[in-house]
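Student: I would like a close look at one loop residue and then at the interior around it and beyond. Could you take me through it carefully, giving each cut-off as it comes up?

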Amino acid sequence: MNTRRTVIFGSLLLCTFLGIQPLFQQLGAIPEFKEQSEISISQVSGILSHVIQVEPVIGETNAVMASNMEESEVIQVSYKLFGIFPLKTSQIEVVPDIKLLPGGQSIGVSLQAKGVMVVGQAAVTGTDGKQNYPAKEAGIEVGDVILKIDDQEVKTDQDVANAIHQAGQKQGFSNLVCLRNGQIIQKRIITVYCSETNRYRVGLYVRNEAAGVGTLTFYEPQTRKYGALGHVINDADTNQKIEVANGSVIASSIYAIEKGRRGHPGEKVGSFVNQTLFTGNIEKNSISGIFGTMQGKILNPYFKEAIPVAWEAEIKEGPAKIYTVLDGEKIEEYEVQIERIMHNRTDSKNMVIRVTDQRLLDKTGGIIQGMSGSPIVQDGKIIGAVTHVFVNDATRGYGVFIQNMIKEAGLVSNKEAA
């Protein structure tokens with residue numbers, strides 16, 4: 001009896017195995033879906049010169065196009081056991097290939113801030129000969145951005161001076177609306193009549209603009225969007241991020257190089273070009289650089305056409321090339337080494353790079369101010385941009401991932417670039 005039961009049980013197992021064997025064979029036909037970062041979208045100082053899987057399961061899959069977005073396709077994948085019983089449904093975002101024209105051009109950057117930034121404080125000598133610090137005593141700090149004075153918007157240093165003088169004449173004090181660390185604050189300041197200037201003052205130094213020389217990183221021909229610098233523009237005195245009201249980018253010409261040395265980063269010395277081949281606006285100043293749209297001729301002699309981007313998972317330690325201008329407006333190619341890749345950093349210091357090209361070392365000592373934004377290309381793909389120099393070792397510095405820059409440029413969404 002036991003033997004008969006064993007035979008029957010074994011026969012049932014064999015039949016069951018033969019019945020599901022085709023399902024095992026179907027596993028080889030399941031489409032391979034990769035994480036978004038693998039799909040084919042697959043310390044230091046800043047250097048703007050002069051600046052202020054789905055898990056496999058036994059069953060079958062039905063892939064249905066759920067939507068066709070402007071930038072990507074969302075695929076809905078359903079898993080069914082024996083083709084009947086639903087097991088799992090998931091969505092996979094397939095991002096289209098992105099190609100960019102590498103930059104390397106030297107650019108002149110000029111931007112105006114939203115409001116007027118406080119960059120210093122000073123004493124005001126009153127009619128009694130005493131020195132007063134009205135703004136400081138009222139709690140105004142260096143780095144504050146003045147947005148309004150007595151409900152009047154201010155955009156320039158002259159706006160601030162005129163509004164304070166008028167308030168002093170009218171009421172003897174000013175009401176300031178300021179932005180501090182992302183928070184709106186209000187302060188009342190007693191105005192003091194300055195015997196030296198014959199005007200009412202509160203003892204503030206302010207500024208609302210910055211200018212400098214940097215490098216264009218990429219240009220996207222279809223949307224005309226560009227990215228440059230690879231790092232945020234901060235005010236030179238306060239080291240606070242400048243919130244952009246408007247700004248412009250044009251070509252610049254390099255006429256001198258200050259070679260870098262230990263403890264003293266070098267610098268490109270350049271001037272804005274009057275008859276520029278291209279112009280752009282500045283729509284965004286972010287941790288990964290400046291971004292906007294550009295018009296005109298964007299030419300790089302090393303790249304006649306746009307090239308693919310390399311996503312974080314594709315970048316590897318080893319040789320690469322950068323493109324930058326050291327003389328006039330001529331873009332040149334130089335060899336570097338990617339020494340380290342830091343996947344978990346969220347700032348603009350994602351790679352450590354070292355200059356290995358002797359020509360560049362002879363001319364600059366390594367990475368210098370004004371080189372920020374120089375595109376980095378590896379294995380025919382643009383992988384990022386130069387951003388910072390090691391103060392005590394000019395041959396080494398940081399680079400930002402290109403995926404971070406194109407996310408900020410709006411070429412892909414935050415989710416796609418994650």
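Tutor: Contact here means heavy atoms within 4.5 Å. The model is a predicted one, in which local features need pLDDT of at least 70 and side-chain atom pairs count only at pLDDT 80 or more, while totals for chains, interfaces and linings use all residues. Residues are numbered from 1 along each chain as its sequence is written, and side-chain values use heavy atoms, with hydrogens and water left out.

The residue to start from is Val142, placed in the loop between α2 (134-137) and β9 (145-149); helices (H or I, at least four residues) and strands (E, at least two) are DSSP runs, numbered from the N terminus. Leaving aside neighbours within four places in sequence, Val142 is in contact with Val118, Val119, Gly120 and Thr238. The C-alpha atom of Val142 is separated by 9.6 Å from that of Arg180, although their positions lie 38 residues apart along the chain as a sequence separation. Val142 is partly exposed because its relative accessible area is 43%, where buried means under 20%, exposed over 50% and partly exposed in between (1.4 Å probe, protein chains only).

For the setting, the protein chain has six helices and 28 strands, and 48% of its 418 residues count as buried.

Turning to the interior, the largest cavity holds about 40 Å³ of space. A cavity is a set of points on a 1 Å grid over the protein atoms alone where a 1.4 Å probe fits but cannot get out, with lining residues having an atom within 4 Å of a point; grid points are joined across faces, edges and corners, and the volume is the space filled by probe spheres set on them. The lining consists of Leu111, Ala113, Met117, Arg207, Asn208, Glu209, Ala210, Asp235 and Ile242. Two elements, β6 (106-121) and β15 (204-220), give two or more residues to this lining, and β15 has the largest share, with four.

The largest nonpolar core has 45 residues, and Leu100, Phe218, Ile290 and Ile406 have the most contacts inside it; such a core is a set of buried Ala, Val, Leu, Ile, Met, Phe, Trp, Tyr and Cys residues joined through side-chain atoms within 4.5 Å. To this core β15 gives the most, five residues. Another core, of 23 residues, lies apart from it and includes Met351, Ile383, Val386 and Phe401.

Terms used: 1 Å grid on protein atoms, 1.4 Å probe; cavity = no way out; pocket = protein on both sides within 12 Å on 5 of 7 lines; lining within 4 Å.
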